[in-house]
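Work through the exercises below with the coordinates open. Try each task before reading its solution.

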Amino acid sequence: MSTTSQVSAVLAQGGDIPAPHIEYGQIAPLLLVLGAAVVGVLVEAFVGRTARYYVQVPLAFLGLAGGFGWTIALAWRDNPHHVAAEGALGVDGPTLFIQGTILVLALVSLLLIAERGDKVGGHFAAQASALPGSEAEQRTTEAGFTQTEVFPLMMFAVGGMMMFPAANDLLTMFVALEVMSLPLYLLCGLARRRRLLSQEAAVKYFLLGAFSSAFFLYGAALLYGYAGSVRLSDISAQIGKDAGSETLLLAGVALLTVGLLFKLGGVPFHMWKPDVYQGAPTPITALMASCTVVAAFGGILRVYYVAFETLKWDWRPLMWGVAILTMVAGSIIAITQSDIKRMLAYSSIAHAGFLLMGVIASSADGLSSTMFYLVAYGFTSIGAFAVVTMVRDAGGEAGHLSRWAGLGKRSPVVAGVFAFFLLGFAGIPLTSGFTGKFAVFKAAVEGGATPLVIVAVISSAVAAFFYVRVIVVMFFSEPDAEGPVVVAGPATAVAVALGVTATVVLGVIPQPVLDLAGQATTHMFVR
């Protein structure tokens, strides 16, 4: 019986309304992360500027690590299948797996965000309120100020990412969407170098994000008009009865899908991604390329596997078209890119198309293979962007592809690591990318989407071209005498090492993580 039904029954009997009961243990990982974010805001208000960094970094680490530990404890139960927070959040196998993935990737991203010092990176503006090129900016930069507001902003964003795939109704999902997005809008405009480009990226992300939020809300409103409820299980039950207006239903599904596809960069809602990835501080780009993608797919999986499961014969043709456009457009347009971060952005778009095949499969195998792919792609993405932060010239990061010429002769280890990440993106055997693609392709074939898999294989072959092109530039071109240098801080080096390790392990011995993902699907999404 739902909470509303319980309250109605009590009122009919003349009793008092029972106090809301919230199992805080079920949502403790989310509370730990958001609690660390709130404490971080207080640190910004009451702790001196010089000491903030040394408080914020351990605080963020403890919040993420504590949340991950509690997530493991919840998953260790025999049946992690509960509805928490008065029905607003679902705690189940897929949600815990996705939340654990977000927390691990956020911990690795924190290593990049916490790196400091001009010689190591200096990724963030010394003072966000100072105008680019102004005397105030120059003065704060020379004083060595550090923008520590990024840590509570990051924690709020991660909290929203954790809430998004756990949301059990569309209203909670919208709140999670905004909690996840608003801090990212700010973080994208805080780059130390190329301030105007960074602020332009933040404005574009904000404006397009506002449009996507409007589409999401309009879709939720139409679905409420159809089902009389925003809860996913109620929408599914109403679809099963086939008693409402089909026009409201299909229009609501279409508008809601637009809002969801925007977050993962599916074509034709992908135009923000290259500009934002290029302009944002690279550690924030790494956070978005890994954690935000995981959260977005977690939300899509919950919506389509719970609310629209009985409607799959209507939405699957639409998703087929989006997946094909996303794979093909991402792979082909990436060939024309001369900026490393923009190329990786279009690569991310292509991978979003591959991941959509797991949604289209609409089966337990499709769900588990998608979750494994998210883990593999997340670690490889963070590692690749970590290498980008290390290759620097006088103007900051060496973004143009021509600046990477001869890097294999100047710094063979760094070039070799980046080449390995690119091969992982391409899906070369013995890398995590190969295992992830194989698992998703297999689930799609079993789900009757063999033509889609053929398109995906061709797109992967096209994508391999621009990955190999970067490798050729690094190893078979002569280095420029005034070319970039490699500057690696200890935290960045650890992030790269973790990315390499995960890409190797998930490619050579992927079975433990595949089994973990498969075990998570035995406790499917709670309704």
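**Exercise 1. A residue in the last helix region**

Is Gln 519 buried or exposed? Place the residue in its helix, then find how far Ser 368 lies from it in sequence and in space.

Solution. The model is predicted, so local features are read only where pLDDT is at least 70. Start with the helix: Gln 519 sits in α21, residues 511-521. Next, take the relative accessible area, which is 52%. The cut-off for exposed is over 50%. Gln 519 is therefore exposed, at 52%. Last, compare the two separations. Gln 519 and Ser 368 are 151 residues apart in sequence. Their C-alpha atoms are 8.4 Å apart in space.

**Exercise 2. The whole chain**

Count the helices and strands. Then decide how the radius of gyration compares with the globule rule.

Solution. The chain holds 21 helices and five strands. Its radius of gyration is 23 Å, and the globule rule gives 24 Å for 527 residues. The two values are close, so the chain is as compact as a globular protein of that length. Now add the extents: the C-alpha trace spans about 80 × 60 × 40 Å along its principal axes. Burial comes next, and 57% of the 527 residues count as buried. Then turn to contacts between residues at least 6 apart in sequence. Of these, 81% join residues at least 24 apart.

**Exercise 3. Surface and charge**

State the exposed area of the chain and the share supplied by carbon and sulfur. Then locate the centres of the two charge sets relative to each other.

Solution. The exposed area is about 20,100 Å². Carbon and sulfur atoms supply 68% of that area. For charge, count 28 positive and 30 negative side chains. The centres of the two sets lie 6 Å apart.

**Exercise 4. Aromatic pairs**

Classify the pair Tyr 304 and Trp 315 by its ring geometry. Then do likewise for Phe 420 and Phe 421.

Solution. The chain has 17 aromatic pairs. In one of them, the rings of Tyr 304 and Trp 315 lie 4.6 Å apart, centre to centre, with 65 degrees between the planes. Planes over 60 degrees apart count as edge-to-face, so this pair takes that label. Now place the partners. Tyr 304 belongs to helix α12, residues 282-307, and Trp 315 to helix α13, residues 312-335. They are 11 residues apart. Check burial too: Tyr 304 is buried at 2% relative accessible area, and Trp 315 is buried at 3%.

Phe 420 and Phe 421 have ring centres 6.5 Å apart and planes at 50 degrees. The pair is tilted. Phe 421 is buried, at 0% relative accessibility.

Finish with a cluster. Ring pairs join Tyr 185, Tyr 205, Phe 206, Phe 262 and Trp 272.

**Exercise 5. The loop between α10 and α11**

Which peptide bond, from Val 267 to its partner, is cis? Then list the contacts of Phe 269.

Solution. The bond from Val 267 to Pro 268 is cis, with omega near 10 degrees. Pro 268 lies in the loop between α10 (246-264) and α11 (272-279). Phe 269 lies in the loop between α10 and α11. Its relative accessible area is 26%, so Phe 269 is partly exposed. Leave aside neighbours within four places in sequence. Phe 269 then contacts Val 258, Leu 261 and Phe 262. For Val 258, the C-alpha distance to Phe 269 is 7.5 Å, at 11 residues apart in sequence.

**Exercise 6. Positive phi**

What is the phi of Ser 362, and what is the phi of Leu 430?

Solution. Phi of Ser 362 is near 45 degrees, a positive value in a residue other than glycine. Ser 362 is in the loop between α14 (340-361) and α15. Phi of Leu 430 is near 70 degrees, again positive in a non-glycine residue. Leu 430 is in the loop between α17 (412-426) and α18 (432-446). At 59% relative accessibility, Leu 430 counts as exposed.

**Exercise 7. A buried threonine**

Which residues does Thr 389 touch, not counting those up to four places away in sequence?

Solution. First, place Thr 389 in helix α15, residues 364-390. Next, read its relative accessible area: 2%, so Thr 389 is buried. Its contacts are His 123, Thr 282, Pro 283, Glu 397, Val 487 and Thr 492.

Note on methods: Residues are numbered from 1 along each chain as its sequence is written. Side-chain values use heavy atoms; hydrogens and water are left out. Helices (H or I, at least four residues) and strands (E, at least two) are DSSP runs, numbered from the N terminus. The radius of gyration is taken over C-alpha atoms; the globule rule is 2.2 Å times the number of residues to the power 0.38. Buried means under 20% relative accessible area, exposed over 50%, partly exposed in between (1.4 Å probe, protein chains only). Contact means heavy atoms within 4.5 Å. Accessible areas come from the Shrake-Rupley method with a 1.4 Å probe; for residues, only the protein chains shown count as cover. Lys and Arg count as positive and Asp and Glu as negative; His and the chain ends are not counted. The place of a charge is taken as NZ of Lys, CZ of Arg, CG of Asp or CD of Glu. Rings of Phe, Tyr and Trp (its six-membered ring) pair if their centres lie within 6.5 Å; planes under 30 degrees apart count as stacked, over 60 as edge-to-face and the rest as tilted.
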